Amino acid sequence: MSKEIPYKIYLEESEMPKYWYNVRADMKVKPAPLLNPETLKPMTAEELGVVFCDELVKQELDDTTREYPIPQEILDFYKMYRPSPLVRAYCLEKKLNTPAKIYYKFEGNNTSGSHKLNSAIAQAYYAKKQGLKGVTTETGAGQWGTALSMACSYFDLDCNVYMVKVSYEQKPFRREVMRTYGASVTPSPSMTTNVGRKINEEFPGTGGSLGCAISEAVESATSKEGYRYVLGSVLNQVLLHQSVIGMECKIAMDKYGIKPDMIIGCAGGGSNLGGLISPFMGEKLRGEKDYQFIAVEPASCPSLTRGKYAYDFCDTGKVCPLCKMYTLGSGFIPSSSHAGGLRYHGMNSVLSELYDQGLMEARSVEQTSVFAAAQEFARVEGILPAPESSHAIRVAIDEALKCKETGEEKTILFGLTGTGYFDLYAYAKFNDGVMGDYIPTDEELQKGFASLPDLKI
């Protein structure tokens with residue numbers, strides 16, 4: 001008999017996961033390898049080690065190790081804000097008058113305001129362990145840059161952040177949190193790197209993209225001795241670290257006899273979605289249980305729902321390895337939507353392969369409907385959600401309303417990746433009725449697809 005479900009389920013410290021789960025170990029068809037853009041052969045550890053930390057390269061290339069023990073120093077840091085609560089959305093259920101049971105895993109209970117700290121502290125730890133001076137990175141909405149600046153401050157590492165220009169201008173307070181933690185923050189594309197100058201020349205007046213910022217951060221890292229590049233999403237190593245979200249979820253749900261019917265996450269590069277669904281997907285891959293997985297992306301940047309599954313550059317400047325993923329093309333510059341953390345042209349290779357196999361589904365939603373869902377959620381659940389997370393809230397509400405129509409008592413789990421208190425400029429636009437929606441035309445998408453490399457493999 002299942003226990004009575006409290007409003008918030010907190011695990012004991014002793015129940016925290018002691019390892020990260022690598023879903024690739026249970027995939028029969030593995031994600032395609034990263035390719036060297038010059039030789040078109042799989043990237044070697046030595047080649048990747050020029051850009052990334054050595055231990056992170058091992059994690060990136062490892063498709064067989066199921067469990068990675070979490071180093072004690074990282075566990076000690078996690079204890080400052082983990083385990084995070086699994087919340088039963090009783091008030092939202094009542095407002096919707098739905099028979100559905102709605103749960104959300106809340107990752108906003110730390111100063112960085114999002115799930116990004118789970119991987120930031122791991123990547124900073126390995127950089128420090130390797131004896132590096134500092135790291136460079138990109139950030140969209142600023143959650144990753146904020147998290148990494150905190151982690152680097154903790155380990156006394158230099159932190160250089162290239163922030164997508166439109167977010168740099170829209171979200172000045174998140175920028176200032178990064179600077180408070182000691183990071184240097186540069187709007188991207190900038191005039192401080194070769195690739196930044198080239199992008200500015202090709203796209204004058206551009207608000208930038210995550211692909212642009214990645215190019216600049218990689219160039220910066222490889223041109224300075226003692227530095228490496230770190231990334232907040234897209235890569236397999238990041239999904240590995242973020243699996244702590246799903247592991248905690250599963251432990252908490254198993255403890256109370258709860259089995260979700262569907263698991264919903266917002267999708268940009270794939271870090272939070274992959275982290276949330278990984279242990280549940282593992283059960284599905286092993287044939288132990290079945291779940292419905294839904295990736296929710298912005299209609300303005302629809303890499304899964306309208307992209308192509310192909311090898312592509314991970315960055316606009318084409319200095320990174322080639323990755324097989326669902327992509328809109330590295331040359332695609334997304335519109336200046338307020339969900340800055342989802343404005344990336346491609347999707348993580350693991351999630352792309354799972355989607356291609358039909359093991360999960362994807363939906364795209366428009367910006368105004370996302371903020372309407374965010375407002376509805378905030379008014380009854382008491383948390384102002386990040387615009388990125390609100391994509392998942394939109395679909396969770398839609399699914400709960402379907403249950404109201406059919407009478408089905410489905411259990412819905414979604415990821416609330418962070419808070420929106422630094423996104424009030426966006427909320428003001430919505431509240432003033434001046435926020436619009438943008439959906440790229442097929443012709444506009446074709447321009448991005450035209451930038452895909454013509455590979456004879």
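Two strands count as paired here if DSSP finds at least two bridges between them, and the helices (H or I, at least four residues) and strands (E, at least two) are themselves DSSP runs, numbered from the N terminus. With that in hand, look at Thr136, whose bridge partner in β9 is Tyr229. What you have on screen is a predicted model, where local features need pLDDT of at least 70, side-chain atom pairs count only at pLDDT 80 or more, and totals for chains, interfaces and linings use all residues. Residues are numbered from 1 along each chain as its sequence is written, and side-chain values use heavy atoms, with hydrogens and water left out.

Back to that bridge. Strand β6 (residues 134–139) pairs with β9 in the parallel sense over 3 bridges. Both belong to an open sheet of 4 strands with parallel pairing, in the order β8-β7-β6-β9. The edges are β8 (184–188) and β9 (227–229), each with a single partner strand, so one side of each has no neighbour in the sheet. From one strand to the next the twist averages 20°. Angles like this run from 0 to 180 degrees between N-to-C directions, and axes are lines fitted to C-alpha atoms, for helices over the stretch in contact. Lying across β6, β7 (158–164), β8 and β9 is helix α10 (residues 210–222), which runs at about 170° to β6.

Now for the other sheet. This open sheet has 7 strands with mixed pairing, in the order β1-β4-β5-β15-β10-β11-β14. Its edge strands, β1 (8–9) and β14 (361–365), each pair on one side only. Strand β11 (residues 292–298) runs parallel to β14, and 5 bridges join the two. One of the matches to look for is Pro298 with Val365, its bridge partner in β14. Helix α11 (residues 236–255) packs on this sheet, touching β1, β4 (86–88), β5 (101–106) and β15 (411–416), and its direction makes about 135° with that of β5. Touching, or contact, means heavy atoms within 4.5 Å. Helix α15 lies across β4, β5, β14 and β15, running at about 95° to β14.

Stay with α15, since it has helix partners too. How do you describe such a pair? Two packed helices are described by the angle between their axes and the distance between the axes. Helix α15 (residues 367–381) packs against helix α16 (residues 387–406) at an angle of about 85°, with the axes 8 Å apart. The two are therefore roughly perpendicular to each other, a label for angles of 65 to 115 degrees (under 35 is roughly parallel, over 145 roughly antiparallel, and the rest oblique). The α15 side of the contact includes Phe371 and Phe377, and the α16 side includes Ile393 and Ile397. By class, this contact has 9 nonpolar, 3 polar and 2 charged residues. In that scheme Ala, Val, Leu, Ile, Met, Phe, Trp, Tyr, Cys and Pro are nonpolar, Asp, Glu, Lys and Arg are charged, and the others, Gly among them, are polar.

Helix α17 (residues 424–431) is another partner: its axis and that of α15 come within 11 Å and cross at roughly 100°. These two are therefore roughly perpendicular as well. Here Thr368, Phe371, Ala372, Ala374 and Gln375 of α15 meet Ala426, Tyr427, Phe430 and Asn431 of α17. The contact divides into 6 nonpolar, 3 polar and no charged residues.

Next, the empty spaces. On a 1 Å grid over the protein atoms alone, a cavity is a set of points where a 1.4 Å probe fits but cannot get out; a pocket is an open set with protein on both sides within 12 Å along at least five of seven lines, and lining residues have an atom within 4 Å of a point. Grid points are joined across faces, edges and corners, and a volume is the space filled by probe spheres set on the points.

The largest pocket has a volume of about 300 Å³. Of its 15 lining residues, Pro37, Met43, Val51, Val319 and Pro321 lie nearest its centre. Pro321 also lines the second largest cavity, along with residues including Leu34, Phe52 and Tyr229, the last being the bridge partner of Thr136. That cavity holds about 90 Å³ of space, and its lining has 9 nonpolar, no polar and no charged residues.
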